[in-house]
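The following exercises invite the reader to examine a structure step by step. Each task is followed by a worked solution.

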Amino acid sequence: MFDKRLFTLPGAKSAIAWCIATSLLLAAFMVGQAATLAWALTLLWEGNTLSDVAAELGAFALCFIGKQAVSTIQAKQLELFAAARTEEFRQQLAKRLYEGGSPLTQRLGTGAASTLCLDGIDNIEQYLSTALPRTVALVTVPFVLLAVIVFQDWVSALIALLVFPAIILQMVLIGSTAQEEAGKQHREYQRLANHFIDSLRGIDTLKYFGRSNEQADRVYETSEQFRIATMKTLRTATLSGAVLDAFSTISLAAVAVMLGFRLVDGSIALLPALFVLVIMPDYFRPIREFASDYHATLNGKNTLTQVLEVLGGSAGTEAKKEDRTPELQVDAPKLEPWQERSVLTFEHIGLSYEGEAALEDVSCSFGGFRKYGIVGPSGCGKTTLAQLLAGVLQPTQGSIVVNDHAIETLSMPSWRKQVAYLPQSPHIFSTTLRNNLTFYQPDATEAEIAHALELVGLTSLVAELPEGLDTVVGEGGRSLSGGQSQRVALARAVLHRTCRVLVFDEPTAHLDIETEWELEQRMLPLMEDKLVFFATHRLHWLSEMDEVLLLEDGQVRGFGSFESLSKEDSFAYLSSRGKEGGDE
């Protein structure tokens, strides 16, 4: 149950010290309970009345109340510790997924990443609030009680001492099997979550091609595999509990029988015999609670392991360099705001996904407030290069130089705060239109928002909405068309006060010609006095670009002005390769 990495968590050592102190106090109250109850029963056996043993019964009640109070205080403190740590995990995990971007999410799986942030964090909270007290109680309470039992009856103490290792051994044997089964269940749960999310995303396409029934059968098969894995885990947990109960019952019976024989022959007095008989269940209680909660917290332990691995920089125990996600470079030089004389240079840049090269040996320079078009056939790496320029991805090869500063990645705050990234399908958050517009600039004024709406042509849309800017859009709210979503993304860039770099990844790929032409008229003025990267497969945009970068299979085929590349007949190559396809 206890993961050694818990020691590395903030406040863990203090929580463990608190558990040790409260466990020792609980052991003291257990001894007090057993002693006062045994004393009261002995006095009653000797013919005393209830009024004669009122003091002993009162002491027993005080010990009982004290034990419950200490247990409650211990649980409350550990709940606060677990809540604080899991809130930190939730924030760090959200930041990690945001910084890691699509490569990390794709490697984990969208469903697994979602369940990790939601149900997984709750499982960790339960694990942290349970693992510490159960583990500490197991290594403190039985030994304190055993030391007290020795002074009362060494025979019963010997029986308890011999049985304890046997119970620990069977727990280890069955626990290892349970942990393995729980690990399989956890993996099946992740697979089910990913499969379910993928099915929901593609349900319209599946229905269109008449494959929805087949996909339903696959979802059923996946859920059945998860059910089987769950039942195996429960079967192992039930077996463990039954064996532990059998050991404990036999041990208590053995102690009771030995005490009975020795009471008959007079080798032990009634008071110590009753004391041992009363306190013996408390001796076995910590190990029974540990075994019971061990199975209940295995999901939390597995989730904690996965979260720590993700936060540590990889989604698995071993990660190749190309599988790693970008980290914030704390010690990297702080980049100055982009200026007319600024220069960004790529030197032999390469980027791979799962061993497959998406970009290879890309070397080029971009400078000043110029507009650069990025073109090429489907799958040539336009989107990958755009995400790299926006700081979403990290190169696996080569180096980047910005104004004579060598850096490993553009995934750093000083670059990202001056970049606005507009993908093919901008994400519209399930919140108000105002919050969507002010994504980059939450403190934007009403005048700035009105100006942005006028520039991108959203004034009429706002007028139609029932609550204006405070109307909820996105999932669960008012849906927006493709053109309206692109206008929202443009408005975000307009409101982005520190924006110096614009990265467009085929923003008009899914729009009709009329809507694209209207957006083009509004986008061109926004590109003034900015460094612009415009990935597209529609060549009419290239006449507006200062220079064009032509990609082929992840490599630079040509780099220069539109006129020079046209003379070299480079764009005839695009036509032959199907330039109207989408880029992945």
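**Exercise 1: The nonpolar cores**

Within the largest nonpolar core, which has 40 residues, Leu433, Leu437, Leu490, Leu502, Phe504, Met523 and Met527 touch the most other members. The model is a predicted one, in which local features need pLDDT of at least 70, side-chain atom pairs count only at pLDDT 80 or more, and totals for chains, interfaces and linings use all residues. Residues are numbered from 1 along each chain as its sequence is written, and side-chain values use heavy atoms, with hydrogens and water left out.

Task: state which helix gives the most to this core, and describe the contacts of methionine 527.

Solution. Begin with the term: a nonpolar core is a set of buried Ala, Val, Leu, Ile, Met, Phe, Trp, Tyr and Cys residues joined through side-chain atoms within 4.5 Å. Buried means under 20% relative accessible area, exposed means over 50%, and partly exposed lies in between (1.4 Å probe, protein chains only). H14 gives the most to the core, with six residues. Helices are DSSP runs (H or I, at least four residues), numbered from the N terminus.

Next, take methionine 527. Leaving aside residues up to four places away in sequence, methionine 527 touches Lys371, Leu502, Phe504, Val532, Phe534, Trp541 and Met545; contact means heavy atoms within 4.5 Å. A second, separate core of 35 residues includes Leu335, Leu393, Ile407 and Ala535.

**Exercise 2: The two sides of H12**

Task: determine which residues of helix H12 (residues 446–456) are buried, and what they pack against.

Solution. First, the buried residues are Ile449, Ala452, Leu453 and Val456. They lie on the same side of H12 because they cover an arc of only 100° around the axis, the arc being that of the directions from the helix axis to the C-beta atoms. On the other side of H12, Ala447 and Glu454 are exposed.

Second, the buried residues of H12 pack against helices H11 (433–437), H13 (459–464), H14 (482–495) and H15 (513–526). Glycine 457, whose phi is positive, near 80°, follows H12.

Third, arginine 487 belongs to helix H14. Arginine 487 is buried, with a relative accessible area of 9%. Its contacts, not counting residues up to four places away in sequence, are Val456, Gly457, Leu458, Thr515, Glu518 and Leu519.

**Exercise 3: An enclosed helix**

Task: explain why helix H9 (residues 382–389) is described as largely enclosed by the rest of the structure.

Solution. Eight of the eight residues of H9 are buried, so H9 is largely enclosed. Among them are Lys382, Thr384 and Gln387. Glycine 391, with a positive phi near 85°, follows H9.

How values were computed
Helices (H or I, at least four residues) and strands (E, at least two) are DSSP runs, numbered from the N terminus.
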